[in-house]
Amino acid sequence: MTLFSIIIPTYNRPDFLEKNLGEIQRQIGATDTAEIIVVDDGSGNAHSRAYDRICSGPGVSLVHHPRNRGMAVARNTGARKAKGTWLIFLDDDVYPGKGWFGELRKKTDGAQKALGIEGKIVPSGDGLWDQEVQNLTGGLFLTSHIVFRREVFFAAGGFDEEFEHRGPFAEDHEFAARIRTMGPVIFAPDLWVTHMPRDIRPFRLLSGAPRRILGFLRSEQYFCSTHPKDYARYRHAQSFWGTYRNVALRHTFSALHRRGMQALLWHPAQALLLATASLIEQFMSWLVLPVLIADNIRQHQSNRKRRR
């Protein structure tokens with residue numbers, strides 16, 4: 001019987017997936033206790049064909065979405081196809097550490113009361129964006145490396161697919177806010193992956209800034225509306241409007257400040273690109289304010305109807 005279902009959503013990044021998948025398969029070896037489910041979330045034709053090739057080996061299932069629907073939907077697709085007792089969610093740009101699968105078996109055997117396990121995420125690379133995704137001490141609940149009991153995952157309702165219409169932000173914390181009411185999710189520092197260095201394309205970063213900031217703010221607004229009492233636990237603000245104020249007034253400064261002066265001086269071209277993208281995002285946050293106000297009114301009306 002399958003014990004572990006390893007679910008990997010991916011989108012237009014077959015090179016990352018090939019490296020990730022190759023190491024997972026090497027560690028698993030010839031076993032019938034694990035399956036790997038890759039969900040191609042609407043990649044272009046050339047990348048889809050590459051995924052067909054990469055996922056052609058034994059023990060790997062590939063699901064193609066006809067269009068891009070976001071990480072929440074892609075993870076749910078993999079979970080519905082899964083047969084394992086444990087669902088292991090990995091992103092395509094993480095690389096399993098030494099002995100990862102053996103440690104996974106050990107930790108799940110010992111997790112008698114835990115509903116899930118946070119895995120450690122170690123950053124790599126020396127660019128300005130490369131340290132952005134990390135979970136060194138737990139409490140972040142990042143879905144790039146996390147494990148849940150299958151029956152608990154579905155009892156909690158899975159990932160909220162409303163994020164398909166908002167943006168690929170906050171769906172991990174929204175789910176964490178729900179599942180933590182059911183029981184503990186423990187942190188396992190010896191179960192670790194390395195987050196691969198980010199591949200930042202200047203034109204894509206700049207041209208995508210308006211859509212990215214709108215998706216981020218709409219996701220944050222939705223997260224706060226669904227978990228108003230828990231929002232401050234996951235954010236440096238008491239409410240969504242606190243988050244919005246930080247973006248509208250401090251976004252560029254915050255983006256540069258958290259990298260540190262030394263890193264900015266070592267990477268002047270990246271620093272200029274980062275500052276430009278952040279300025280565009282900060283400016284756009286003011287332009288999308290009417291959309292956010294309209295969203296807030298609709299959500300308030302929807303909440304009132306549910307309470308009735």
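Student: Going by the usual cut-offs here, buried means under 20% relative accessible area, exposed over 50% and partly exposed in between, with a 1.4 Å probe and protein chains only as cover. Is Cys224 buried or exposed?

Tutor: Cys224 is buried, at 10% relative accessible area. Bear in mind that this is a predicted model, in which local features need pLDDT of at least 70, side-chain atom pairs count only at pLDDT 80 or more, and totals for chains, interfaces and linings use all residues. Residues are numbered from 1 along each chain as its sequence is written, and side-chain values use heavy atoms, with hydrogens and water left out.

Student: And Cys55? Buried or exposed?

Tutor: Cys55 counts as buried because its relative accessibility is 6%.

Student: How many disulfides are there?

Tutor: Zero, from a search of the whole structure. A disulfide here is a pair of cysteine sulfur atoms within 2.5 Å.

Student: Switching to strands. What surrounds β1?

Tutor: Strand β1 covers residues 4–10, and seven of its seven residues are buried, so the strand is largely enclosed by the rest of the structure. Phe4, Ile6, Ile8 and Thr10 point one way, while Ser5, Ile7 and Pro9 point the other way. Strands (E, at least two residues) and helices (H or I, at least four) are DSSP runs numbered from the N terminus.

Student: Which strand does β1 pair with?

Tutor: β2, residues 34–40, which runs parallel to β1 and is joined to it by seven bridges. Ile6 is opposite Ile36 of β2. Two strands pair if DSSP finds at least two bridges between them.

Student: What about Thr194 in β8? Which residue is its bridge partner in β5?

Tutor: Tyr95. Strand β5 (residues 94–96) pairs with β8 (residues 185–195) in the antiparallel sense over three bridges. Val122 also stands opposite Thr194; strand β6 (residues 116–123) pairs with β8 in the parallel sense, over eight bridges.

Student: On to charges. How many salt bridges?

Tutor: The structure holds 21, where a salt bridge is a side-chain nitrogen of Lys or Arg within 4 Å of a carboxyl oxygen of Asp or Glu. In one of them, Asp91 meets Arg75, with the closest N and O atoms 2.9 Å apart. That pair links distant parts of the chain: Asp91 is in the loop between β4 (86–90) and β5, and Arg75 is in helix α3 (residues 71–81), 16 residues away.

Student: Are those two buried or exposed?

Tutor: Asp91 is buried at 12% relative accessible area, and Arg75 is buried at 2%.

Student: What does Glu23 bond to?

Tutor: Arg26, at 2.8 Å between the closest N and O atoms. Both are in helix α1 (residues 14–28), three residues apart, about one turn of the helix. Glu23 is buried at 9%, whereas Arg26 is exposed at 57%.

Student: Which residues make up the salt-bridge network?

Tutor: Glu162, Arg166, Arg218, Asp295 and Arg298.

Student: Last topic, α12. How far does it reach?

Tutor: Its 20 residues (268–287) reach 29 Å from first C-alpha to last, close to the 28 Å expected. The expected span is 1.5 Å times one less than the number of residues. Among its buried residues are Leu273, Leu274 and Met284.

Student: Where is Leu274 relative to Pro202?

Tutor: Their C-alpha atoms are separated by 9.3 Å, though the two are 72 residues apart along the chain. Leu274 has a relative accessible area of 4%.
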